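Please look through the sequence and the model below before reading on. The paragraphs that follow begin with the cysteines, then turn to confidence, and end with the packing of the interior.

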Amino acid sequence: MSTTPPVLAAELAQAWADIQRFHPELPDLAAPESLIGESSSACGAELSFERLLHEAVHGIAAARGVRDTSRAGRYHNRRFLSVAEELGLDHPAEPHPSSGFSLVTLNAEARRRYRPTIERLQNALRAHRAATAADSPAGFRGPAARHGSSGGGVRVKAVCDCGRNVRVVPSVLAQAPIVCGGCGKPFRIPEVVGAGAR
């Protein structure tokens, strides 16, 4: 089995298609590779089939015109929960104070239904992690990791020396520099320097 990101992206696309077989209103996954590097999100700390199903909930909610989150996508509300239940996701009885009902898990029926898909995706993820482990320095996961929350598509402020700033998911910034259009210098996350001193 090849371990290149395009192969993993293909496995993610196939898993998404498997979900679409049971939920035809789910839109196509535009860029499966965008999920590969993401590691700080209310949608899950790491990539897995459970995380993919969580993203599918957002896709179906969007297709229905349902606003399933608030607080810039961090808080997952009861409308999210309603669609999540349709897709076979269980949830805690009470919402998390900052991320709502984002911490969903596969129920037994969904686990049975998607068993071959889950196994195929787990194999591809294991191979991908093994192939990239030596190349990947430990990355900054943002405030969510430090505060024990699940994140929320957590974006932090990245600054440029010229005074401009943007909100960015740290793992995206870690993939390659984001360059300021005003001065041509890269944006950086100043919090990283002092994060370990707490």
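A disulfide is a pair of cysteine sulfur atoms that lie within 2.5 Å of each other, and a search of the whole structure with that rule finds zero of them. This is a predicted model, and the cysteines in it can be followed one at a time. C162 takes part in no disulfide, since the nearest cysteine sulfur, which belongs to C160, is 3.6 Å away. For C183 the closest cysteine sulfur is also that of C160, at 3.2 Å, which is too far for a bond. Both C162 and C183 are partly exposed: the relative accessible area is 42% for C162, and it is 36% for C183.

How confident is the predictor in the protein chain, taken as an average? The mean pLDDT is 76, and 71% of the residues score at least 70. Confidence is highest in helix 4, residues 108-113, with a mean of 95, whereas it is lowest in helix 6, residues 143-147, where the mean is 36. Two stretches deserve the same care. Over residues 39-45 the pLDDT stays under 50, although the model gives this stretch 29 contacts beyond four places in sequence. Residues 191-198 also have a pLDDT below 50, and there the model has eight contacts beyond near neighbours in sequence. Where pLDDT is low, the predicted coordinates should not be read in detail.

With that caution in mind, the reader can turn to the interior. The largest nonpolar core has 27 residues, and those with the most contacts inside it are I19, F49, L52, L53 and L121. Helix 1 (5-22), helix 2 (49-64), helix 3 (78-86) and helix 5 are the elements that each give two or more residues to this core, and the largest share, six residues, comes from helix 2. Which residues does L52 touch, once its neighbours within four places in sequence are left aside? L52 is in contact with L12, A15, W16, I19, L35 and L121. Apart from this core lies another, of seven residues, among them A158, C160, V168 and F187.

L121 leads on to helix 5, where it is one of the buried residues, together with T117, I118, A124, L125, A127 and H128. Helix 5 covers residues 115-132, which is 18 residues, and it reaches 26 Å from its first C-alpha to its last, close to the 26 Å expected at 1.5 Å a residue.

Conventions. Residues are numbered from 1 along each chain as its sequence is written. This is a predicted model: local features need pLDDT of at least 70, side-chain atom pairs count only at pLDDT 80 or more; totals for chains, interfaces and linings use all residues. Side-chain values use heavy atoms; hydrogens and water are left out. Buried means under 20% relative accessible area, exposed over 50%, partly exposed in between (1.4 Å probe, protein chains only). pLDDT is the predictor's confidence in each residue, from 0 to 100. Helices (H or I, at least four residues) and strands (E, at least two) are DSSP runs, numbered from the N terminus. Contact means heavy atoms within 4.5 Å. The expected span of a helix is 1.5 Å times one less than its number of residues. A nonpolar core is a set of buried Ala, Val, Leu, Ile, Met, Phe, Trp, Tyr and Cys residues joined through side-chain atoms within 4.5 Å.
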